[in-house]
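This report looks at a few parts of one structure: a nonpolar core, a lysine and a hairpin. Please keep the sequence and the 3D view at hand while reading.

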Amino acid sequence: MNKNPTTNGIRFDEAVGNEIRRAKQRYEVGLPLFSAFLKTRRNTPMDDIWNALVLKKAAPPNTATLVKPTSGNTFLQELDKKTQQVVSQILQQQQITSGDVVIENGLVVSIPTGTVRRPLQRIRRSYISLNRMRSIEIDRIVPCLSNTLIEV
């Protein structure tokens, strides 16, 4: 066997070395990663470029990409508590007398006679599940629930 295999008269090691040198030459670029055309643009934001590259201070984010905060960490607890208060207030009023139930400042709900706990709890659960994904202001929970009860 031949100890020095050749390819077209060139040793294999030399051929591989030549390929590696050619590959390095292809990827060596003497250009900067970004270019600033100072002569063509008079209002180049040099301070912003300096802050971003050297001082590593990021520009303020675009308002379209900001995540809107929810109305609070206790939103679901408040939603559950306030809807339970409204349902229990309606049931207590029905035990005393039938007719209109005053829930809050001027919010009046007319509940038909004989309405039992199950339909009210079903309406409450569906109201909670609808409002779980969207965040409404906490002070609007009871008026929206009363409007839902009026429509049903």
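The largest nonpolar core of this predicted model has 20 residues. Within this core, the residues with the most contacts are V86, I90, I103, Y127 and L149. Two or more residues each come from α3, β3, β4, α4 (117-133) and α5 (141-151). The biggest share is that of α3, which gives six residues.

Which residues does V86 touch, leaving aside those up to four places away in sequence? They are I103, V142, L145 and L149.

K82 lies in helix α3, which covers residues 75-96. With the same limit on sequence distance, up to four places, K82 touches I138, I141 and V142. V142 is thus found among the contacts of V86 and among those of K82.

| Residue | Touches, not counting residues up to four places away in sequence |
|---|---|
| K82 | I138, I141, V142 |
| V86 | I103, V142, L145, L149 |

Is K82 buried or exposed? K82 is buried, and it has no salt bridge. The nearest side chain of opposite charge is E78, 4.4 Å away. A salt bridge needs a distance within 4 Å, so a pair at a greater distance does not count.

Strands β3 (residues 99-104) and β4 (residues 107-111) pair in the antiparallel sense, over five bridges. E104 has L107 in β4 as its bridge partner. The hairpin of β3 and β4 has two residues between the strands, and G106 takes a positive phi near 85° there. Both β3 and β4 also give residues to the core described above.

Definitions and conventions: Residues numbered from 1 in each chain as written. Predicted model: local features only at pLDDT ≥ 70, side-chain atom pairs only at ≥ 80, totals over all residues. Heavy atoms only, no water. Helix = DSSP H or I, 4+ residues; strand = E, 2+ residues; numbered from the N terminus. Buried < 20%, exposed > 50% of the residue type's maximum accessible area, 1.4 Å probe, protein only. Lys, Arg positive; Asp, Glu negative; His and termini not counted. Contact = heavy atoms within 4.5 Å. Pairing = 2+ DSSP bridges. Core = buried A, V, L, I, M, F, W, Y, C linked by side-chain atoms within 4.5 Å.
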